[in-house]
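Hi everyone, thanks for coming. I'd like to walk you through one corner of a structure today, so let's put it on the screen.

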Amino acid sequence: MGYDWGVPTRIHRSAQVEDSVNIVIERLLRRRGWRPRVLPYAGYGTDGWVRLLARVLLTPPGTRRRDVETGRGWRRFMSAPAQGVAVTVNLGGRAHEVLSRRGGYIDALIPADLPTGWAEARLSAEGSPVSAAPLRIVGPAARRGVICDIDDTVMITALPRPLLAFWNTFVRHEARRRPVPGMAEFLCRLLSSDPESFIGYLSTGPWNVAPALEHFLAREGFPCGPLLLTDWGPTTEGWFRSGRQHKRAELRRLLAELPQLHWTLVGDDGQHDPEVYGEAAQAGTGQVRAMAIRQLTPTEQVLTHGTPEPLSELPWAPSRPGSAVPMLRAPDGHGLLAKFGRAGLLDY
């Protein structure tokens, strides 16, 4: 059997209201013939276990898989999650069963012994077509890990500004999104020092856009790795999600789950990446070896949070003690690659 990580014991009132509305909608749609379909996301694991990520959505009869995965703009957010659906997971020659949680999400640890590299789990629910979830298995000999932000680090989005976030997320076509120059080359070079290296993309963006992000990363030549996104709307703790808390929690989890890796943390100075990454570097584990921060232009800073200065340099920014872990900054991937090369941080 699979088991879930961190199921909350108490749920905030806002989440209870949202869940009640979703139950009513789910019953109505099921009476109209809608059936569950599993949308898989890339997961990861190491010796003895994998972290399985997926979502169960209700879809009308005749819906094709690509219709679920490639819905564009606002259509991605017009989904009907299915909670409490039993999903069969075939992995490593064994069958497991997990239940979708609130929002239809599946985030479960499943025991498995798989060879290093890419593996696959087969998922199905209530007679729905089988879906394949890719899994990156990190071996005991792996030494290098990279955690990379997405918005304004690999993709120019100016996400925190509400109006621009709405435009970029709901209206703009993926093909028009622009990558940060040189960032794909920089990340590929970081990973080239270890043939078993691992990369994960950590973002405060919603899971609804995961397929579009995967297509963007593949099209622009970024190395392949799991996405660690979040959910918009009410949470089990409050009315709104906390982007910083999401990143802190995922960073702590990755460092604990993959202790054999030496990490490079990649982000930008338009949000709170320097603060969050600095906290992780000071945690005392010694796993974080370097931090790479993309410097936004003054115009990008204004679009992102309303002032031309990075958040970390504003008068009310929280003070952060010094760290022995180097934090190198540059306007793009080309500059970061050059600075990491001069500092001898490309190969360790």
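Before we look around, one term: a crossover counts as right-handed if, with the strands pointing away from you, the path from the first strand over the helix to the second runs clockwise. Please also keep in mind that this is a predicted model.

With that term in hand, find strand S13, helix H5 (residues 210-219) and strand S14: together they form a right-handed β-α-β unit. The two strands, S13 and S14 (residues 227-230), run parallel and are joined by three bridges. If you want a spot to zoom in on, Leu 202 sits opposite Leu 228 of S14.

S13 has another partner, too. It pairs with S10 in the parallel sense, over four bridges. There, Val 146 has Ile 199 of S13 as its bridge partner.

So how many residues of S13, which spans 198-206, are buried? Nine of the nine, so the strand is largely enclosed by the rest of the structure. Both faces are covered: on one side we have Phe 198, Gly 200, Leu 202, Thr 204 and Pro 206, and on the other Ile 199, Tyr 201, Ser 203 and Gly 205.

Now let's move along to helix H7, residues 273-281. This helix is mostly covered as well, with eight of its nine residues buried. Among the buried ones are Asp 273, Glu 275 and Tyr 277. And what covers them? The list includes strands S10 (144-148), S15 (262-268), S16 (288-294) and S17 (327-330), along with helix H6 (243-257). You'll recognise S10 there, the strand that pairs with S13.

Terms used: Residues are numbered from 1 along each chain as its sequence is written. This is a predicted model: local features need pLDDT of at least 70, side-chain atom pairs count only at pLDDT 80 or more; totals for chains, interfaces and linings use all residues. Side-chain values use heavy atoms; hydrogens and water are left out. Buried means under 20% relative accessible area, exposed over 50%, partly exposed in between (1.4 Å probe, protein chains only). Contact means heavy atoms within 4.5 Å. Two strands pair if DSSP finds at least two bridges between them.
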